Amino acid sequence: AVRPNGGTPRFEPYPADYDAGIRLLISRLPETTVDGDPDPIVVDMPISRATVVATRDFTEEDVPESQRSFWVADANGVVEVYLDAGARGGTPNFVVQVGTVLSFRATRIGRYQRKSQISAGTDWVEHGANEPPHPELAAGPNAEVYIWSPDRELTQADSHRIVRITGQLDGTPEGCGSGNKCWRLNYGFGEPVIFRTAHEEAGTGQCVTYVGPVGFYRGNLQFDTTNLSWLRVYN
C-alpha cells in the first residue's frame, strides 16, 4: 500500500471538481494517425496545482531523472511530463517527488507511442503545506496519490494511470533494451501484459507487485519499471 518515493496513498478517485487543467490540455493534443505520432505543438497552457503521482529514478546527475520525467494528475486524468534537461528554465528548480503539488505553464505538448506527453514547460512553482491542490485533499509534499487496483481489462485509454497489480512473471524472458528483460504478467483480467524490468531479482515464476504507471509501447500495454522502486519481488 505504500506509494514509492513519497506521497500519501489514496484508493478512491479524487474529488470530481479537482481540476488542474489536465482535461483541457488533453483536449488540445494532436491525434496519432496511421503514419504514427504527430509532431508536438507549441502551446501556452496553465497547469495549476497538479499532483505528482510518479517519477523516474532519483539519479545523481545535475538534473536527476526524477526532475525531468514525472507524471502529474488531477481528477480528469494523468499526463507524462518528459523534459529536456538542457533547456534553460525548462525543468523545475526544486526536488520533484511523488506527492509534490506544482503549477507551471505547458509550452509544448504531443504524443509518444500514442500517449499524452508534455515535453516543455516553464514558470515552475512548488506548493507547500498551506496550499493544498483541492480543499478536500492533503497538501504537498505528501499529497494524496490515487492508486487504482484494476477491476477490469486494461485498455490504451488507461495509459499513465497509476495502478497496483500483483501477479506472476510467466514465460521465458527476452532482452528488451537497456539491460531490461521482458516477461508476461497476468493481472487477473484479459490477456497478460508485457512486464519490463532490469530488477536483478526478477525471474520466471516469481510473484511481483507493481505500483506505477500503465505504459503503452508499439501497440501493446506494458508495465515498465523505469523506476525500480515501483516493483517489489517476492522470493
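1. Which residue of β3 is the bridge partner of threonine 55? The partner is phenylalanine 70. This pair belongs to a predicted model, and the points below go from the whole chain to its strands and then to its pockets.

2. Overall form. The chain has two helices and 14 strands. Its radius of gyration is 17 Å, close to the 18 Å given by the globule rule for 235 residues, so the chain is as compact as a globular protein of that length. Along the principal axes, the C-alpha atoms fill a box of roughly 45 × 40 × 35 Å. Of the 235 residues, 50% are buried.

3. The barrel. Five strands close into a barrel, and their order is β2-β3-β4-β6-β5. The pairing in this barrel is mixed. From one strand to the next, the twist averages 55 degrees. As general background, strands of a sheet pair through backbone hydrogen bonds, and they do so either parallel or antiparallel.

4. β3 and its partner β2. Strand β3 covers residues 69-74, and strand β2 covers residues 41-55. The two run antiparallel and are joined by four bridges. Besides the pair named at the start, alanine 54 has tryptophan 71 of β3 as its bridge partner.

5. β3 and its partner β4. Strand β3 also pairs with β4, again in the antiparallel sense, here over six bridges. One position to look at is valine 72, whose bridge partner in β4 is valine 79. The connection between β3 and β4 is a hairpin through two residues.

6. Burial of β3. Is β3 mostly covered or mostly uncovered? It is mostly covered, with six of its six residues buried. In a regular strand the side chains alternate between the two faces of the sheet. In β3, Ser69, Trp71 and Ala73 point one way, while Phe70, Val72 and Asp74 point the other way. The residues of both sets are all buried. Several of them have appeared above: Phe70 is the partner of threonine 55, and Trp71 is the partner of alanine 54.

7. The open sheet. Seven strands form an open sheet in the order β12-β13-β10-β9-β8-β11-β14, with mixed pairing. Why do β12 and β14 each have one side without a neighbour in the sheet? Strands β12 (215-217) and β14 (231-234) stand at the edges and have a single partner strand each, so one side of each is left without a neighbour. Neighbouring strands of this sheet are turned by 40 degrees against each other on average, direction ignored.

8. β10 and its two partners. In the order of the open sheet, β10 stands between β13 and β9. Strand β10 (residues 193-197) pairs with strand β13 (residues 220-224) in the parallel sense, over three bridges. Two of the residue pairs can be named: phenylalanine 195 has phenylalanine 223 of β13 as its partner, and arginine 196 has aspartate 224 of β13. Strand β9 (residues 181-185) runs antiparallel to β10, and five bridges join the two. Here lysine 181 stands opposite threonine 197 in β10.

9. Burial of β10. This strand is mostly covered, and five of its five residues are buried. Val193, Phe195 and Thr197 lie on one side, and Ile194 and Arg196 lie on the other. Both faces of β10 are covered. The charged residue Arg196 is thus listed among the buried residues of this strand.

10. The largest pocket. This pocket holds about 640 Å³ of space. Its lining has 29 residues, and those nearest its centre are Arg56, Arg196, Gln222, Asp224 and Thr226. Two of these names, Arg196 and Asp224, are also the bridge partners described for β10 and β13. The elements that give two or more residues to the lining are β4 (77-82), β6 (115-127), β10, β11 (207-213), β12 and β13. By class, the lining has 14 nonpolar, nine polar and six charged residues.

11. The second largest pocket. Its volume is about 260 Å³. It is lined by 14 residues, and Val78, Ser116, Gln156, Ala157 and Ser159 lie nearest its centre. Which elements give two or more residues to this lining? They are β4 and β6. By class, the lining has four nonpolar, six polar and four charged residues.

Conventions: Residues are numbered from 1 along each chain as its sequence is written. This is a predicted model: local features need pLDDT of at least 70, side-chain atom pairs count only at pLDDT 80 or more; totals for chains, interfaces and linings use all residues. Side-chain values use heavy atoms; hydrogens and water are left out. Two strands pair if DSSP finds at least two bridges between them. Axes are lines fitted to C-alpha atoms, for helices over the stretch in contact, and angles run from 0 to 180 degrees between N-to-C directions. On a 1 Å grid over the protein atoms alone, a cavity is a set of points where a 1.4 Å probe fits but cannot get out, and a pocket is an open set with protein on both sides within 12 Å along at least five of seven lines; lining residues have an atom within 4 Å of a point. Grid points are joined across faces, edges and corners, and a volume is the space filled by probe spheres set on the points. Ala, Val, Leu, Ile, Met, Phe, Trp, Tyr, Cys and Pro count as nonpolar, Asp, Glu, Lys and Arg as charged, and the others, Gly among them, as polar. Buried means under 20% relative accessible area, exposed over 50%, partly exposed in between (1.4 Å probe, protein chains only). The radius of gyration is taken over C-alpha atoms; the globule rule is 2.2 Å times the number of residues to the power 0.38.
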